[in-house]
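Here is my note on the model, point by point. Please read it with the structure open.

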Amino acid sequence: MMSSEVKDVIDRVIRKIAEERSLSLPALKGDTEVVDELGFSSMMVAGLIANLEEEFGVDPFQDEDVMITDIRTIKHLCDVYVSCLARSR
């Protein structure tokens, strides 16, 4: 899966979660910070990760070298999934 496809899925899941919580979102760009700019709480981030695991069929955070607390931006989240998907082939 190409990184643009991964970003599309991540954007779609972020929009879905925001819609469920009636949260207004700014434009979703690579450097958009998930917590600070999107206003996602830790529970919403956990929901985001659970939804992405369902979408991609991988959990990049099961490896101890990638910590969920290290994820700051949409691009970083995208990079983590692209890398994990490449390793899972």
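1. Start with Ser 22. This residue is exposed, because its relative accessibility is 69%. Ser 22 sits in the loop between α1 (3–20) and α2. Check its backbone: phi is positive, about 55 degrees, although Ser 22 is not a glycine. Keep in mind that this is a predicted model.

2. Gly 30 belongs to the loop between α1 and α2. Is Gly 30 buried, partly exposed or exposed? Its relative accessibility is 24%, so Gly 30 counts as partly exposed. Setting aside residues up to four places away in sequence, Gly 30 touches Lys 7, Thr 73, Ile 74 and Lys 75. The C-alpha atoms of Gly 30 and His 76 are 7.8 Å apart, with their positions 46 residues apart in sequence.

3. Next, the record. In an unreviewed entry, UniProt lists residues 4–85 as "domain: Carrier". In the model, that span is 54% helix and 0% strand. The C-alpha atoms at its two ends lie 13 Å apart.

4. Now the helix pair. Two packed helices are described by the angle between their axes and the distance between the axes. Helix α2 covers residues 42–56, and helix α3 covers residues 74–87. They pack at about 35 degrees, with axes 12 Å apart. The crossing of α2 past α3 is right-handed.

5. Which residues make the contact between α2 and α3? From α2 come Leu 48, Ile 49, Leu 52, Glu 53 and Phe 56. From α3 come Leu 77, Tyr 81 and Leu 85. By class, the contact has 7 nonpolar residues, 1 charged residue and no polar ones.

6. Take Leu 52, in helix α2. Its relative accessible area is 0%, so Leu 52 is buried. Neighbours within four places in sequence aside, Leu 52 is in contact with Val 9, Ile 10, Val 13, Gly 57, Leu 77 and Tyr 81. Leu 52 and Tyr 81 are 29 residues apart in sequence. From C-alpha to C-alpha, the distance between Leu 52 and Tyr 81 is 8.8 Å.

7. Compare Glu 53, also a residue of helix α2. Glu 53 counts as partly exposed, because its relative accessibility is 37%. Apart from neighbours within four places in sequence, Glu 53 is in contact with Val 58, Asp 59 and Tyr 81. Tyr 81 also appears among the contacts of Leu 52. Glu 53 and Glu 64 are 11 residues apart along the chain, and their C-alpha atoms are separated by 16 Å.

8. Last, the cysteines. How many disulfides does the structure hold? The count is 0. Cys 78 is in no disulfide, and the nearest cysteine sulfur, that of Cys 84, is 13 Å away. Why is Cys 84 not bonded to Cys 78? Its sulfur is 13 Å from the closest cysteine sulfur, in Cys 78, and that is too far for a bond. A disulfide needs the two sulfur atoms within 2.5 Å.

9. Are these cysteines buried or exposed? Cys 78 has a relative accessible area of 6%, so Cys 78 is buried. Cys 84 is at 8% relative accessibility and therefore also counts as buried. The cut-off for buried is under 20% relative accessible area.

How values were computed:
Residues numbered from 1 in each chain as written. Predicted model: local features only at pLDDT ≥ 70, side-chain atom pairs only at ≥ 80, totals over all residues. Heavy atoms only, no water. Buried < 20%, exposed > 50% of the residue type's maximum accessible area, 1.4 Å probe, protein only. UniProt positions renumbered as here; feature names shortened; annotations may be inferred. Helix = DSSP H or I, 4+ residues; strand = E, 2+ residues; numbered from the N terminus. Axes fitted to C-alpha atoms, helices over the stretch in contact; angles between N-to-C directions. Left-handed = near helix turned anticlockwise from the far one by under 90°. Contact = heavy atoms within 4.5 Å. Nonpolar A, V, L, I, M, F, W, Y, C, P; charged D, E, K, R; others polar.
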